[in-house]
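Q: Could you take me through one part of this model at close range? I would like to look at a sheet and its surroundings, strand by strand.

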Amino acid sequence: MAIFLFQPHVAGPQGNITTPDVAIDRVFVNGTPKPLNDLTSEICHQVESADTAVAAYAVTALGGGALLSPAIILSSGRIVVARKAWRLNNLDGHVGAVTLNGEALNRIGLPADAITQAGGDDDTLPRGYMVMQTGEPMTDQAELKDSKRDRALDLKVILEDVGSDRWGPDRPKPRYAIGPTKKEIPHFI
Amino acid sequence: MKYKAYAATMQSVWFSEDEGQSWSRILTPTGGFYNEARCWSVLTHPERPGELLAGTDQGLYRFTEEKGHFDYIPSPMDNLHILKIAQDPHDPNFIVCGTRPGEIFISEDNGENWTRANLDAATECWFINTTRVTSIHFDPMDRDTIWITIEIDGVIRSRDRGKTWEQLICGLHDNDTHDLVFLDVSGNRTILCSTEDGVHRSTDNGANWEQLKIPQAKWDYFRSLKQPVENSPVVIASVGDKPSGEAGQFLISRDFGDSWAEAKLSHPPNSTLWSIGTNAADTLLLFAATIFGQIFKSTDGGESWHKIQRELGEIRMITWAPI
C-alpha cells in the first residue's frame with residue numbers, strides 16, 4: 001500500500017508548535033482522487049516549460065482536529081503540500097474569512113465542503129485522507145492568511161526547467177573514494 | 001554571563017541552562033521538534049543571540065529564545081542528513097549546510113532560498129559507501145573562501161563563496177578528514193587538518209600536507225580541532241581509539257601543532273571524544289562530548305576537563321552561547 005508520510009508543523013493559537021507525523025493513503029484534488037505518489041512536501045520541482053502551478057489549500061485528517069495547510073498543484077500532476085498547518089478547530093467561526101493568496105475561502109470553497117465531498121463530516125475526514133481545494137490565480141506561491149489572529153502560512157515552490165542543466169559542461173563526473181589508506185584493502189566493486 | 005549549552009544528539013537537541021549540570025529537551029507539545037529526530041549539528045552566531053540552527057534527518061530548524069520553539073526552515077535538504085552548518089561570521093544570513101551524501105547547500109538570504117553547490121566530491125566510497133561532510137569553515141582572512149572536510153574525500157575549498165570547488169589532498173596520508181584550524185601570522189598561514197590517521201599540516205594554504213608526529217597521541221583517530229581564541233597557536237584536539245570507539249583523550253598544543261601535551265580528564269572517556277564547543281564570549285569555557293554521551297566541561301581553556309554527571313545518548317555535536 002502506498003503511504004505518504006506528512007510531517008507538518010502545526011501552529012497553535014498560542015504560538016505553540018506540534019509535530020505529528022501523519023500517514024496519508026488517499027489524496028483528492030477538487031473532489032477527484034489522485035495517485036498518492038504524486039503527493040510530496042518537496043519544494044524543488046523539475047517541470048516542462050509549459051507546466052503551470054496553482055495555489056490550493058489542503059485539509060488533512062488528524063485525531064486532534066483536521067489540519068489546514070497551503071498547497072500547490074502542478075499541471076504535471078505533482079501535488080505539493082507545505083509542512084505547515086493550523087487546526088481547523090482553531091479557525092471556528094472565521095474559516096471563511098481566511099484567505100488563500102488574498103481570496104477568501106468563502107469564495108474558493110470552504111474546507112467543510114471539501115471534506116463532505118470526500119465522504120467526511122463537518123471538520124472530520126476519514127483517517128488517512130487529505131483533500132485539496134484549488135484557488136486562483138496560477139502561481140508558484142500559496143499563502144494562507146488568518147487576519148483575525150494576524151498569522152500566515154506560506155509555501156513557495158522552486159520550478160526548474162526540466163530541459164536545462166544548471167551546470168552544463170561544468171558538471172563533474174562521479175568520483176570514487178577508497179577510504180582509509182593505511183593499508184591495502186580489497187575493493188568489492 | 002548567562003549562557004546555554006546545546007547538544008545535538010540522536011534524540012534531538014538538548015539544552016542546558018545551568019552551566020551544563022542538567023539537560024532537557026524542548027517540550028514536544030509546544031516545541032516544534034520531534035524529540036527523537038536525529039540531530040547532527042547545532043550552530044549559534046554572535047550577531048544572533050538566542051538563535052540556534054539545528055541540522056537533522058527531517059530538515060533544518062531554527063530555535064529562538066523569543067519564540068521558545070523551533071521553526072522548520074523549508075529547504076531541498078529534508079530528505080538528506082544535515083550534518084554540518086556554518087554561518088558567515090560577517091553575515092549570519094549566509095548559511096552553508098553540509099549533508100550526507102556529501103553535498104553542500106548555500107542560502108544567501110537566511111534560509112529563504114537554497115542553491116546546491118556544484119561540488120566535485122566523491123559520490124561513492126568503498127569504506128563508508130556514502131560520503132559525508134564533516135566540517136565547514138569560512139576562511140578567517142578571505143571572506144570569499146569556504147573550506148570543507150569530507151569523509152572520506154579530503155579537503156575541498158571554494159574561493160568564490162561556493163560556486164566552484166577544488167580538492168586539496170596532496171600529502172594527506174588519509175582522506176578521512178574531520179576538521180580544520182587556521183593560524184595566520186605576518187602573512188604566513190598554517191592549517192591543521194584532523195584525520196583518521198593523525199593531524200596533517202599545510203604551510204602553503206592547503207596545496208600540500210604533511211603528517212605530524214604526535215607521540216603523545218594514544219591513537220591515530222583525531223576528530224575535533226578547536227582554537228579557544230581565534231587565530232591563536234593554542235589548539236585543542238579530540239582523539240579516540242576509533243569511531244565510535246571505547247576510549248579517548250584530549251591533546252593540547254600551544255604552538256599550533258609543533259608539540260602536544262595531554263589534557264587532564266576527571267574521568268576516562270567511554271568512547272572517542274567527538275566534539276568540542278567553544279565561544280569567543282569566554283575563551284576559557286569549553287564543552288566537549290564523547291560520541292556515546294559523556295559531557296566534559298573545561299573552565300581553563302581546555303587544560304583540564306571535568307565530567308558532568310549527566311550523560312545523554314549518542315552526541316554528535318556540542319556548543320554553547322550567551323543568551
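Here is the part I would like to understand, followed by a walk through it. Which strands make up the open sheet with the order 4-5-6-7 in chain B, and how are they paired?

A: Happy to help, and please keep in mind that this is a predicted model. The sheet you picked is an open one built from four strands of chain B, in the order 4-5-6-7, with antiparallel pairing. At its edges are strand 4 and strand 7 of chain B, the latter covering 69–73, and each of these pairs on one side only. From one strand to the next, the twist averages 25°. As background, strands of a sheet pair through backbone hydrogen bonds, in either a parallel or an antiparallel way.

Let's start at the edge with strand 4 of chain B, residues 39–43. This strand is mostly covered, as five of its five residues are buried. Its partner is strand 5 of chain B, residues 51–56; the two run antiparallel and are joined by four bridges. If you want a pair to find on screen, look for Leu43(B), whose bridge partner in strand 5 of chain B is Leu53(B).

Moving one strand along, strand 5 of chain B pairs with strand 6 of chain B, residues 60–64, again in the antiparallel sense, and here there are five bridges. A handy marker for this pairing is Gly55(B), which has Leu60(B) as its bridge partner in strand 6 of chain B.

Strand 5 of chain B, residues 51–56, also leads us to the nonpolar core. Ala54(B) is among the residues that touch the most other members of the largest nonpolar core, which has 92 residues; Ala7(B), Val13(B), Ala237(B), Ala288(B) and Ile318(B) are the others named there. The element that gives the most to this core is strand 30 of chain B, residues 315–322, with five residues. For a look inside, try Ala7(B): leaving out residues up to four places away in sequence, Ala7(B) touches Val13(B), Trp14(B), Trp23(B), Ala289(B), Leu312(B), Ile315(B) and Ile318(B). There is also a second, separate core of 52 residues, including Phe28(A), Ile43(A), Ile72(A) and Leu100(A).

That brings us to the other chain. Chain A has an open sheet of its own with four strands in the order 14-13-16-17, and the pairing is antiparallel. Its edge strands are strand 14 (103–104) and strand 17 (151–156) of chain A, each pairing on one side only. Between strand 16 of chain A, residues 141–146, and strand 17 of chain A there are six bridges in the antiparallel sense, with Leu144(A) standing opposite Leu153(A).

Finally, where do the chains meet? In total, 27 residues of chain A are in contact with 31 residues of chain B. Strand 19 of chain A gives the largest share of the chain A side, three residues, and that side has eleven nonpolar, ten polar and six charged residues. Strand 19 of chain A also pairs with strand 12 of chain B, residues 122–125, in the parallel sense over three bridges, and Tyr176(A) stands opposite Glu124(B) there. In the loop between strand 18 and strand 19 of chain A you will find Arg171(A). Arg171(A) counts as exposed because it has 10 C-beta neighbours inside 10 Å. Setting aside neighbours within four places in sequence, Arg171(A) is in contact with Asp165(A) and, across the chains, Asn118(B).

Technical notes
Residues numbered from 1 in each chain as written. Chains lettered and ligands numbered in written order. Predicted model: local features only at pLDDT ≥ 70, side-chain atom pairs only at ≥ 80, totals over all residues. Core = buried A, V, L, I, M, F, W, Y, C linked by C-beta atoms within 7 Å. Buried ≥ 20, exposed ≤ 12 C-beta atoms within 10 Å, placed from the backbone. Contact = placed C-beta atoms within 7 Å. Pairing = 2+ DSSP bridges. Axes fitted to C-alpha atoms, helices over the stretch in contact; angles between N-to-C directions. Nonpolar A, V, L, I, M, F, W, Y, C, P; charged D, E, K, R; others polar.
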